[in-house]
Amino acid sequence: MRSIKGISVFIIIVALFALPIVVKDSYFLYLAILAGIFVILAQSLNVIVGYTGQMSFCHSAFFGVGAYTSALLTMNLKFSFWVALPCAMIAGLILGLLIGYPSLRLRGPYFAIVTVGCAEVVRSILYNWVNLTGGPMGLPNIPPPDPIALGNFITLSFDTRQSYYYLVLVFALFTQLIIVKVINSKAGRAFVAIREDEGFARSIGIDIMGYKILAFSISAIFAAMAGSLYAHYILFISPVSFTIMESINVILMVIVGGMGTIVGPIFGAILLTALPELMRVLSDYRMVLYGLVLMMVMIFLPGGLVAALKLSGSFLSRAFGRLPKGVSSVGS
Amino acid sequence: MSVLKVSNLSKHFGGLAAVGGVDFTVNTGEIVGLIGPNGAGKTTVFNLLTGVYVPTRGKITFDEVDITGWKSQKIVKQGLVRTFQQTRVLFSLPVMENMLTGFHCRTGSGNWGVLWKRDSKGTEESWHDKALKILTFVGLLDFKDELAQNIPQDAQRRLAIAVALATQPKMLLLDEPTVGMNPSETQEMIRLIGAIQEKGITVLLIEHDMRVVMGICQRIIVLNYGLKIAEGSPQEIRRNPEVIAAYLGSEESA
């Protein structure tokens, strides 16, 4: 069972690496890169929303702070992208701790409302600190990541879509790896216990505040990393990209894909990045249909796409009787 | 030798003294009953002992250590664990996963290892074996792969105790373990509490069912309006006029 999982993960990774060689369409690659960045965002949000059960609306703030930190460091202080990216992650961590310490004491809707406020405060700062952030005009001319030289002959540069695709892919895989590791650790078990019943978790000796802050910080660090990757890809950022709607968009990805599962947010992020584009032919009716699709998913698949996969898996194994067990446990 | 010593324990909510200066001790290996009419402050005492509330006044000494004002996680690690009146477990998870979560405070890992490993002291398998032992002890082995929400109510109650046992306590606080149980389930619970005592774990239990209290407690503490009104053996408590008055209303006040 474990080996079937391992093999399928391996095949998917190989396929992802082969993708730009097979598909040359530049618009497709653009979408694939965006999807990769949103996979990082959705998976990091999943740690706090899906596994720890705290509905947070300030993911856009971490995303934005990561993007601006990285852009400003490379533009004003001439930092290399490879230094700016970790700096952006540290900025995300600091903001995460700053927001997390006071707000995680609150529960349920109260916590959610405070995070709405925090997202708005960060957006306002980006919008109004014109001297530093350029205000509503945003920051143009962000440099792409500097090339890295491997030995004397090979240089990896990231100025083409194809090369940036690989950069994002590597970071997305790195994020998955770390988050899977954390979820399977002692901390991961504590997160789930807090989600299921805080009072009970406390009664068996789990440090509620400590683990909530841990989950929130991890979520913030990776969101900031996604922000940095976004800034150095689009090469122009403005506060419009980091409004609370962006948070809601990422929350939708997590919920539509399947909260509290590893594969769910990945599916959700890819689907919700692709869906509006696929529906472009419908022009004005596009967002109406998008809304309808979301409603349908919530009504008929409250567990998200992963639940649907599991259902169809068990249906197939019942229908054919002898399907290997691993197939029905894709989502677990 | 006393394992738990409570002196002048008080908790005020605004002007209301939910617990107003209670003293008692529990000796190692005893089963002690904490009884009293509704609103007497029994559950508040549990919440104070386990760090859910910080006492307004008073001192709690557990296992020769002053634990007054400690955080819950530290108290659990010290070996004092409670269950709830309304059964609380991780309902959407399998029974086994509940047990493994119960080991949380005993699994060790350095400050950073917590993010990488489930445990650095033992392997996942060794905890698995320990969990199986405890599940056998409480009679839940058959349910080990079921979701906690799908097992019968009395089994959920025993699961809550099993998870509490997984934290490896020296003393267990049980909040009405037999509420809503039929006679045979109650008998089963009484047997279980007896077996826990035989393992050397001290038990303090809140209970309304007098057959249970009189049947298994070596000593009984009676609270009323946040004050201790009596303490003694079941026979003494049964005859104590103040206790009878508290439960049935005294002649003077009538």
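## Helix α4 of chain B

Two residues count as in contact if their C-beta atoms, placed from the backbone, lie within 7 Å. With that in hand, we can look at helix α4 of this predicted model. The buried residues of α4(B) pack against three other helices of chain B: α3 (95-102), α5 (153-166) and α6 (183-198).

Which residues of α4(B) are buried? They are W127(B), A131(B), I134(B), L135(B) and V138(B). These five sit on the same side of α4(B), because the arc they cover around the axis is only 100°. An α-helix has 3.6 residues a turn, so residues three or four places apart point the same way. Turn to the other side of α4(B) and you find exposed residues: E125(B), S126(B), D129(B), K133(B) and T136(B).

The helix itself runs over residues 124-138, 15 residues in total. From first C-alpha to last, α4(B) reaches 21 Å, close to the 21 Å expected at 1.5 Å a residue. After α4(B) comes G139(B), with a positive phi near 80°.

## The hairpin of β1 and β2

At the start of chain B, strands β1 (residues 2-13) and β2 (residues 16-27) pair in the antiparallel sense, with nine bridges between them. One of the pairings joins S10(B) to its bridge partner in β2(B), G20(B).

Two residues lie between the strands of this hairpin. Here, too, a glycine has a positive phi: G14(B), near 60°.

## Where the chains meet

How many residues does each chain bring to the contact? Chain B gives 27 residues and chain A gives 18 residues. On the side of chain B that touches chain A, the elements giving two or more residues are α2 (72-78), β6 (80-82) and α3. Of these, α2(B) gives the most, with four residues. Helix α3(B) therefore appears twice in this account, as it is also one of the helices against which the buried residues of α4(B) pack.

By class, the side of chain B that touches chain A is made up of 11 nonpolar, 10 polar and six charged residues.

## Confidence in the model

For the complex, the predictor gives an ipTM of 0.89 and a pTM of 0.89. Chain B averages a pLDDT of 88, and 91% of its residues score at least 70. The average for chain A is a pLDDT of 88, with 94% of the residues at 70 or above.

One stretch of chain A deserves a careful look: over residues 322-332 the pLDDT is below 50. Beyond near neighbours in sequence, this stretch has 25 contacts in the model.

Key:
Residues numbered from 1 in each chain as written. Chains lettered and ligands numbered in written order. Predicted model: local features only at pLDDT ≥ 70, side-chain atom pairs only at ≥ 80, totals over all residues. Expected span 1.5 Å × (residues − 1). Buried ≥ 20, exposed ≤ 12 C-beta atoms within 10 Å, placed from the backbone. Arc of directions from axis to C-beta. pLDDT = per-residue confidence, 0-100. Pairing = 2+ DSSP bridges. Nonpolar A, V, L, I, M, F, W, Y, C, P; charged D, E, K, R; others polar.
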